[in-house]
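Student: I'd like a close look at one part of this model rather than a quick tour of everything. Could you take me through it slowly?

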Amino acid sequence: MPKVTITVPEKTPQPYRFQLDREVVTLGRGADNDIVIDSGSVSVIHAEMHRVQGGYELRDLESTNGISLDGERMDVVSLKTGGDVKLGEVSFEFALTGHEIEILRSENTLPVAQLVSVESTPVPKVVVKDTADEEDEEEAGTGAGFGKILVLLLLMIAAFGVGLGVRYHKETGRSFLEDVRARHASAAPAAK
């Protein structure tokens with residue numbers, strides 16, 4: 001799924017993902033947008049990302065502060081390769097996986113180099129990153145995260161058991177484990 005990362009100055013970057021076949025994604029400060037951007041420099045309905053043959057375009061919707069590429073205000077930015085895109089004062093980063101780049105290549109008439117490398121061309125562009133490795137790391141991290149949760153759960157159970165043992169010792173003056181062993185030993189001959 002294509003990934004858009006929105007970075008409002010002095011706030012944590014916010015990533016958003018959407019299906020590759022999604023035709024239009026709206027961006028702005030208003031709650032009705034697909035991607036809501038909490039910044040005074042962004043208009044209520046600021047821009048739209050459109051799926052076009054071979055990729056995506058970011059289109060300004062006559063917003064107050066516009067969209068810009070490398071500091072130059074533009075009406076349309078082609079989201080293919082290298083550049084610093086902003087909506088008002090907010091950074092906009094666009095990324096595709098290797099598989100998505102292949103899908104776009106198959107429907108695009110542009111040379112492959114223009115899709116995946118930073119070159120000087122008259123077409124405004126945004127960085128296209130291959131995030132396939134990041135997704136593999138995320139999937140591997142899911143298994144590791146489960147293992148960490150399991151270890152944490154076992155440690156919590158052990159701490160609970162120790163706490164019960166300490167309380168038992170304070171209340172009775174005896175060891176909980178020794179009492180359990182003694183009861184088990186006395187119950188074993190009676191069972192036969």
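Student: Let's pick strand β1: how many bridges join β1 to strand β2, and in which sense do the two run?

Tutor: Keep in mind that this is a predicted model. β1 covers residues 3–7 and β2 covers residues 14–17; 4 bridges join them, and they run antiparallel. Within that pairing, Ile-6 of β1 has Gln-14 as its bridge partner in β2. The hairpin of β1 and β2 has 6 residues between the strands, and Glu-10 takes a positive phi there, near 65°.

β1 has another partner too. With β11 it pairs in the antiparallel sense over 5 bridges, and here Ile-6 stands opposite Phe-92. As for cover, 4 of the 5 residues of β1 are buried.

Now follow Ile-6 inward. The largest nonpolar core has 27 residues, and Ile-6 is listed among those with the most contacts inside it, along with Leu-27, Ile-37, Met-49, Leu-58, Phe-92 and Phe-94. Strand β11, residues 90–95, gives the most to this core, with 3 residues. Leu-27 is a good place to see what this looks like: leaving aside its neighbours within four places in sequence, its contacts include Ile-6, Ile-37, Met-49, Leu-58 and Phe-92. Polar residues turn up on that contact list as well, among them Asn-33, His-46 and Glu-48.

Some of those contacts lead to the sheet next door. Strand β3, residues 24–28, is joined by 4 bridges to β5, residues 47–52, and the two run antiparallel. Thr-26 stands opposite Glu-48 in that pairing. Both strands belong to an open sheet of 5 strands with mixed pairing, in the order β4-β3-β5-β6-β9. β4 and β9 stand at the edges with a single partner strand each, so one side of each has no neighbour in the sheet.

Back at the start of the chain, try Pro-2. Its C-alpha atom is separated by 6.0 Å from that of Ala-95, 93 residues apart along the chain. Ala-95 is found in β11 and is buried, with a relative accessible area of 4%. Asp-21 is another residue to set against Pro-2: the two are 19 residues apart in sequence and 9.7 Å apart in space, C-alpha to C-alpha. Asp-21 is found in the loop between β2 and β3, and it is exposed, at 59% relative accessible area.

The loop of the β1 and β2 hairpin also carries a charged link. Asp-38 forms a salt bridge with Lys-11, with the closest N and O atoms 3.2 Å apart. That pair links distant parts of the chain, 27 residues apart: Lys-11 is in the loop between β1 and β2, while Asp-38 is in the loop between β4 and β5. Asp-38 is exposed at 55% relative accessible area, whereas Lys-11 counts as partly exposed at 45%.

A second link of this kind joins Asp-34 and Arg-22, at 2.9 Å, N to O. Asp-34 lies in the loop between β3 and β4 and Arg-22 in the loop between β2 and β3, so the pair ties together parts 12 residues apart in sequence. Both ends are partly exposed, Asp-34 at 39% and Arg-22 at 32%. The structure holds 6 salt bridges, so if you want to go on from here, those are a handy next stop.

Definitions and conventions. Residues numbered from 1 in each chain as written. Predicted model: local features only at pLDDT ≥ 70, side-chain atom pairs only at ≥ 80, totals over all residues. Heavy atoms only, no water. Pairing = 2+ DSSP bridges. Core = buried A, V, L, I, M, F, W, Y, C linked by side-chain atoms within 4.5 Å. Buried < 20%, exposed > 50% of the residue type's maximum accessible area, 1.4 Å probe, protein only. Contact = heavy atoms within 4.5 Å. Salt bridge = Lys/Arg side-chain N within 4 Å of Asp/Glu carboxyl O.
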